[in-house]
Amino acid sequence: MRFTSVAFLAGLVSAVSAHFHLQYPGPRGAFVESSEPTFCDNYGDATTNRTTFPLNNGYYSLNSEHPTWTLGVIISAVQNPNNFANFTDSSGKYQMVVNYFETSGEGSFCAPINISAAGIDGVKDGSNVTVQFIFDGGDGALYQCADLTLSESTTAIPSDVSCANASSAAVTYFSSGVTPTFSATATSSSASSTSTSSAADAKAVVGVSGLVLSVLGGLLALA
Ligand SMILES: [Cu+2]
């Protein structure tokens, strides 16, 4: 009985600090929470078992463990991209395949991704590419990568992959080329730090992030 409640509490704590999990296309490796603030969740090299993924009209799916969050997806056509610069164009800007947007809701999230529409050099039928998901739920930018082989003839999403949205919250895209202000870098907190003050701190960080996004939204409205 005592064990059960300890395990239950540990489950709650890890849910709070679990960031986000890329579900489809599959990430480079098993999710490592403490590494998610680093490039590709700290999986430096491309995998050999790439996902065959639609060049046009695909879908991606993830699980958010934060109530309010921002996401963007960048792409590299480098064969083994192992640093952020591999995801930039000749002028040093990230090659976006999903423009940054903000939304809310914890749990599953699934949305369209049209890779060919981004018009990135070297991205075509048969290309080996890597997509990197950049997520900020209020505790800093987080990263997960998936290595793909693009195909014109692949169906939108495999039948055994769930494409569902836990929330019907609005999705607000930023203008093309607009990068959000990310919240302060995530501090890796272990499951043993269970004080109530850390939960309050986490809320405060989310509040500041929300404010930054509102200001950004206001600026966009003025533009
Ligand atoms: Cu987090």
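1. A search of the whole structure, which is a predicted model, finds 2 disulfides. Counted along the chain, the bonded cysteines follow the pattern 1-3, 2-4.

2. One of these disulfides is formed by Cys40 and Cys145, whose sulfur atoms are placed 1.9 Å apart. The angle about the S-S bond is -70°, and the link of Cys40 and Cys145 is accordingly described as left-handed. Cys40 sits in the loop between strand E1 (20–24) and strand E2 (51–54), while Cys145 belongs to strand E8 (residues 141–151), so the pair ties together parts that are 105 residues apart in sequence.

3. As to the surroundings of this pair, Cys40 has a relative accessibility of 1% and counts as buried because that value is under 20%. Cys145 is likewise buried, with a relative accessible area of 1%.

4. A disulfide also joins Cys110 to Cys163, with an S to S distance of 1.9 Å. Here the angle about the S-S bond is -95°, and the link of Cys110 and Cys163 is left-handed. The pair connects distant parts of the chain, since Cys110 is in strand E6 (residues 107–113) and Cys163 is in the loop between E8 and strand E9 (172–173), the two being 53 residues apart.

5. The two ends of the Cys110 and Cys163 link deserve separate mention. Cys110 is buried, its relative accessible area being 6%, whereas Cys163, at 38% relative accessibility, counts as partly exposed; the latter assignment follows because 38% falls between the 20% limit for buried and the 50% limit for exposed.

Key
Residues numbered from 1 in each chain as written. Predicted model: local features only at pLDDT ≥ 70, side-chain atom pairs only at ≥ 80, totals over all residues. Heavy atoms only, no water. Disulfide = S-S within 2.5 Å. Helix = DSSP H or I, 4+ residues; strand = E, 2+ residues; numbered from the N terminus. Buried < 20%, exposed > 50% of the residue type's maximum accessible area, 1.4 Å probe, protein only.
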